[in-house]
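The following paragraphs offer a guided reading of a single protein model. The reader is invited to keep the sequence and the coordinates in view throughout.

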Amino acid sequence: MTMTEAKLYLGVDLGGTFVKIGIIDDAGHICRKFKFPVDQDGYRTSILETAVLSAGEVLRSSDFLSFLSERKLAGIGVSATGQIDPHTGTVVGAAGHIPNYLGSHIAEDFHRAFGLNVAVANDADCSLLGECSYGAAKGDLNVVMMTLGTGVGGGILVDGKLMSGSRGAAGEIGHIIINDDGEECSCGNRGCLEHYASIKALVNKVRNAVSEGRISPAYLGGDADASSDDLSFINGKTIFSALSEKTDHNCSDHNVLFSIVDCWENYIADGLVSLVHIFNPDSIVIGGGVSEAGELLVSPIRNKVLKRAMPSFADGLIIKAAELGNDSGMIGAVENFKHRYSQQRA
Ligand SMILES: [Zn+2]
């Protein structure tokens, strides 16, 4: 195997809790990966500053230098939370209000620090590119990705191209309004999909059911007498493992939990059915941490979407869980870099 010609890339995933940095080869394989917290001083040191310092640490490490050997570091791909202008590599909008983040010049600061070309895109868009290159939607040209987490993110691939829109912010599918009389969303509107279909929304509903005594804490893996003040043990993972592990489907705990999850999945399907009719995708990829639940999560959503989409749209439509997990952002960021600078690769 000749390794001397191979190029390496730095894949950076900027999130609100961690910056993840991977050394990634031309085939999308992560050779080394690192993770650094970004909220160590309440964001007084900006996320971007922490990320640039962390990347410098990685690139100076003897582990990396010996690994680099004769290979060439060809550039930096960054996946970043918030709305990103991909042309300038700047944060133009950020839901969630992370201090010192809005307006960050990501591409400029990384370029200044390391002298390499830099491509920046929104994290959901990067996950989508990663899944289309190496994961659940490999080879598909028309793909809708929905990522379920604290919010609902998304990315849309049309005819093999990432849809970016006038300011690069296209695909904010969490803010489709599904109930104009609904509750207030972090964006200021009412009744956004995100408010009903995020993991946060699901977890809140389940915690309420537990504190109202409709589900016993023990059913979700907590102490039988867990105080309703501390239901932090309930998260997406505990909810789906309760659904998968418990065999007594006639107990009332199960029925209440099942109906909450079913209702949450109806909201997800509401959003997806609208997107299917707008974009007529080959496939839909459901991402975010909860996608680890695989078919347990996806199968009911698939049934609901296929039942409600018009037959010509439902025919052949594939709906799958994301396959690259937490690494999709880093991998997709490098794919985005390669697309952007492909004319320089020949
Ligand atoms: Zn909203």
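Cys 187 counts as partly exposed, because its relative accessibility of 39% falls between the limits of 20% for buried and 50% for exposed. In this predicted model, Cys 187 contributes its SG atom to a zinc ion, and the other protein donors are His 175 through ND1, Cys 185 through SG and Cys 192 through SG. These donors lie 2.0 to 2.4 Å from the zinc ion. Along the chain, the donors follow the spacing H-x9-C-x1-C-x4-C. Cys 185, by contrast with a partly exposed residue, is buried, as its relative accessible area is 6%.

What is the geometry around the zinc ion? The 4 donor atoms subtend angles of 106 to 118°, and the arrangement is therefore tetrahedral. For reference, the ideal angle for four tetrahedral donors is 109.5 degrees.

His 195 also belongs to the description of this region, since one of the residues that His 195 touches is the zinc donor Cys 185. His 195 is placed in helix H5 and is partly exposed, at 28% relative accessibility. Leaving aside residues up to four places away in sequence, His 195 is in contact with Glu 183, Glu 184, Cys 185 and Ala 201. Between His 195 and Gly 182 there are 9.0 Å from C-alpha to C-alpha, with a separation of 13 residues in sequence.

Ala 201, a contact of His 195, is one of the buried residues of helix H6. The others in that helix are Ile 199, Leu 202, Val 203, Val 206, Ala 209 and Val 210. The buried residues of H6 pack against strand E8, helix H5 (193–197), helix H7 and helix H8. H6 covers residues 199–211, and its 13 residues should span 18 Å at 1.5 Å a residue; the end C-alpha atoms are 18 Å apart, so the expected and modelled spans agree. Just after H6, Gly 213 adopts a positive phi of about 80°.

The discussion now turns to the sheets. An open sheet is formed by 5 strands in the order E10-E9-E8-E11-E12, with mixed pairing. Strand E10 (161–162) and E12 stand at the edges, and because each has a single partner strand, one side of each is left without a neighbour in the sheet. E11 and E12 are paired in the parallel sense over 4 bridges, and Ser 283 has Ile 318 in E12 as its bridge partner.

Helix H4 (residues 123–134) lies across strand E8 (143–148), strand E9 (152–158), E10 and E11, and runs at about 50° to E9. Is Glu 131, a residue of helix H4, buried or exposed? Glu 131 has a relative accessible area of 0% and is therefore buried. Its contacts, not counting residues up to four places away in sequence, include Met 145, Val 285, Ala 322, Glu 323 and Leu 324. Glu 131 and Asn 303, which are 172 residues apart in sequence, lie 22 Å apart in space from C-alpha to C-alpha.

Helix H9 (residues 295–308) can be examined in the manner of a simple check. Its 14 residues should span 20 Å at 1.5 Å a residue, and the end C-alpha atoms are 19 Å apart, which agrees. Leu 297, Val 298, Ile 301, Arg 302, Lys 304 and Val 305 are buried in H9. The buried residues of H9 pack against helix H7 (236–245), helix H8 (252–279), strand E11 (283–287) and strand E12 (318–321).

Another pairing involves strand E4 (residues 72–80) and E7, which run in the parallel sense over 5 bridges. Within this pairing, Ile 76 stands opposite Val 118 in E7. Strand E7 (residues 118–122) is mostly covered, with 5 of its 5 residues buried.

Two loop residues deserve attention for their backbone conformation. Most residues other than glycine have a negative phi. Asn 280, however, has a positive phi of about 45° without being a glycine. Asn 280 lies in the loop between H8 and E11 and is partly exposed, at a relative accessible area of 43%. Asn 100 likewise has a positive phi, near 60°. Asn 100 is found in the loop between strand E6 (90–93) and helix H3 (106–114), and counts as partly exposed at 48% relative accessibility.

Conventions:
Residues numbered from 1 in each chain as written. Predicted model: local features only at pLDDT ≥ 70, side-chain atom pairs only at ≥ 80, totals over all residues. Heavy atoms only, no water. Donors = N, O, S within 2.8 Å, 3.2 Å for Na, K, Ca; no water. Tetrahedral: all angles 85-135°; square planar, octahedral: opposite > 155°, others 65-115°. Buried < 20%, exposed > 50% of the residue type's maximum accessible area, 1.4 Å probe, protein only. Helix = DSSP H or I, 4+ residues; strand = E, 2+ residues; numbered from the N terminus. Pairing = 2+ DSSP bridges. Expected span 1.5 Å × (residues − 1). Contact = heavy atoms within 4.5 Å. Axes fitted to C-alpha atoms, helices over the stretch in contact; angles between N-to-C directions.
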